[in-house]
Amino acid sequence: MPHRLSILFSVSEAAPFIKEGGLGDVAGSLPRALAARGHDVRVVLPRYYAIDRELHGLKLLPGALVVPMGIIGDMYCSVYEGRLPDSGVPVYFLEHETFFGRSGIYGADNEGFRDNDNRFIFLSRATLELCRMLGFRPDLIHAHDWHTAAVPIFMNTLYRHDPYVGDAASVLSLHNLQHQGNFYPGLMDVLGIGWEHFTHLELEKDNQTNLLKGGIHHATKISTVSVGYGREIRTPEFGWGLEGVIRERVGDLVGILNGVDYAEWDPENDPFIPAPYRADDLSGKKLCKQELQRRFGLPERPDVPLVGMVSRLVAQKGINVLAAAIHRILELDLQIVLLGSGEPWTHFYFSDIAARYPLNFRCHIGFSNPLAHLIEAGSDFFLMPSAFEPCGLNQMYSLRYGTIPVVRAVGGLNDSVENFDERTLGGTGFKFRALTPDALVDTICWAVWTWYQNRAGIDALIKNGMAQRFTWEKAAEKYEQLYYWAVEKKLGWEEFSKRFP
Ligand code: ADP
Ligand code: GLC
């Protein structure tokens with residue numbers, strides 16, 4: 001058994017309580033996998049309105065949490081405690097009417113809330129104050145994305161000598177570098193750490209206060225959600241202007257591919273699909289395809305290749321390229337179903353495409369977990385033409401469901417999908433490199449040609465894919481190693497070897 005660590009996750013979403021994308025999946029699964037390895041893991045997140053206190057059996061803790069907000073003054077919140085399902089992992093929910101008593105996590109109608117700066121500085125600062133309230137001395141605090149990037153900043157400044165977290169190391173995970181928490185300079189006064197930190201070396205970027213940049217500078221260690229993304233973000237193409245500070249910290253940066261919660265994503269046991277199936281008996285998958293076609297009002301043809309997509313409809317996901325290529329793609333004898341929501345133009349655009357091509361294109365604008373499962377199970381191919389993809393989870397779900405991914409070779413997509421090799425029948429999917437409509441159309445043509453002309457190839461791809469496993473156990477082992485490095489770096493070797501002999 002490794003030495004037991006005390007770890008606090010500070011994060012803006014966690015499944016099953018609240019989720020907008022893959023970050024929620026990660027924050028719901030990784031703590032459980034770490035707890036299963038014997039660590040004392042806890043999670044703190046806001047109690048958004050959408051989180052039902054009764055449904056999740058949340059209990060109010062006695063007392064109030066005082067959260068100093070710099071120039072704004074002290075703010076207060078109450079704290080509810082719950083548990084991640086099927087685990088003993090405590091989750092602390094911060095209850096604050098002004099900041100979190102509204103629908104939406106980050107914004108409404110595709111616009112971020114105006115007070116997101118204060119909302120997430122509040123979450124970050126409350127994370128540290130919570131340790132005092134609970135009498136909890138973590139060895140390490142794990143922050144995620146810009147929303148809690150202020151945690152490592154505070155730890156290195158105002159909390160340097162704090163009796164609860166002064167000794168703790170920090171890890172900042174980068175799930176998406178596009179969103180950086182870039183705000184007006186005066187936000188420095190809400191942070192209250194002193195203007196000497198508003199420099200190009202630390203928090204200042206383009207004369208703004210950039211929380212993610214500050215977090216990258218201050219975290220003891222940094223991680224990205226795939227090895228490939230960890231390399232890409234050192235370049236201007238993927239670094240979104242932070243490639244400089246990332247290169248500076250490259251010695252402390254580790255890439256760890258996300259895992260899949262195979263209890264939730266398992267075609268042998270999935271309450272959201274009409275028939276279970278496994279690699280050596282795919283008859284159930286045929287029924288799932290039929291049900292998917294029926295649900296979306298497509299002709300119920302078993303012979304036609306059905307391509308699924310479940311995605312936030314934003315530029316990151318290559319949606320513009322798909323929009324440009326869609327007419328040429330729909331000339332092929334295939335069907336496409338799309339589930340997602342995002343930029344308003346996409347809702348009109350794809351609904352219009354559905355009206356024009358009723359026999360082979362259908363979309364559902366919205367968010368639906370049951371439908372996401374049915375699409376994974378009922379499709380033959382799964383399309384992810386992302387402009388960038390730090391990890392991506394759907395391609396890994398697809399592999400498990402025998403649904404062949406067609407992906408752009410970036411970030412985690414490139415790391416988790418192996419290109420089809422027609423000679424050896426090796427590989428798990430179809431990949432393309434250029435972010436252009438031509439490359440996308442070309443690769444879909446290749447997949448569709450393989451479907452109609454090379455059944456042995458398709459069978460091999462399905463079999464190879466279904467045998468892949470991206471487990472959280474494997475990822476948790478790597479995080480554990482990263483945590484030890486971080487704690488050792490923070491404490492120094494001598495103190496570290498005393499505490500963890
Ligand atoms: P990202 O976090 O960038 O959106 P990921 O692939 O990491 O991308 O994770 C997306 C997660 O959100 C997956 O679990 C996916 O199934 C889910 N998801 C995305 N859009 C929808 C939707 N419209 N309905 C249901 N689930 C969705
Ligand atoms: C982000 C990324 C996605 C990743 C997820 C979880 O939302 O866009 O690629 O899978 O975080 O790490």
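This passage describes the surroundings of ligand 2 and one small sheet in a predicted model.

The shell around ligand 2 comprises 13 residues, of which His175, Asn258, Gln316, Glu389 and Gly392 come nearest. By class, five of the shell residues are nonpolar, six are polar and two are charged. With respect to domain assignment, at least three residues of the shell are drawn from domain 1 (6-259 + 472-499), and at least three likewise from domain 2 (283-466). Helix α1, spanning residues 22-36, gives the most to this shell, with three residues.

Several polar contacts to oxygen atoms of ligand 2 are found in the model, involving both side chains and backbone. A polar side-chain atom of Glu389 is placed 2.5 Å from an oxygen atom of the ligand, while an N or O atom in the side chain of Gln316 lies 2.9 Å from an oxygen atom of ligand 2. The contact of Cys391 is made through the backbone, one N or O atom of which is 3.0 Å from an oxygen atom of ligand 2. Of the 310 Å² of accessible area that ligand 2 has on its own, 93% is covered by the protein.

Turning to the sheet, three strands are arranged in the order β11-β13-β12, forming an open sheet with antiparallel pairing. Because β11 (182-183) and β12 (204-205) each have a single partner strand and stand at the edges, one side of each is left without a neighbour in the sheet. The antiparallel strands β11 and β13 (residues 208-210) are joined by two bridges, and Thr209 in β13 is the bridge partner of Phe183.

Definitions and conventions. Residues are numbered from 1 along each chain as its sequence is written. Chains are lettered from A and ligands numbered from 1 in the order in which they are written. This is a predicted model: local features need pLDDT of at least 70, side-chain atom pairs count only at pLDDT 80 or more; totals for chains, interfaces and linings use all residues. Side-chain values use heavy atoms; hydrogens and water are left out. A residue is near a molecule or strand if one of its heavy atoms lies within 4 Å of it. A polar contact is a pair of N or O atoms within 3.5 Å; within protein, one must be able to donate a hydrogen and the other to accept it, and residues adjacent in sequence count only if both atoms are side-chain atoms. Accessible areas come from the Shrake-Rupley method with a 1.4 Å probe; for residues, only the protein chains shown count as cover. Helices (H or I, at least four residues) and strands (E, at least two) are DSSP runs, numbered from the N terminus. Ala, Val, Leu, Ile, Met, Phe, Trp, Tyr, Cys and Pro count as nonpolar, Asp, Glu, Lys and Arg as charged, and the others, Gly among them, as polar. Domain bounds come from an automatic or database domain assignment. Two strands pair if DSSP finds at least two bridges between them.
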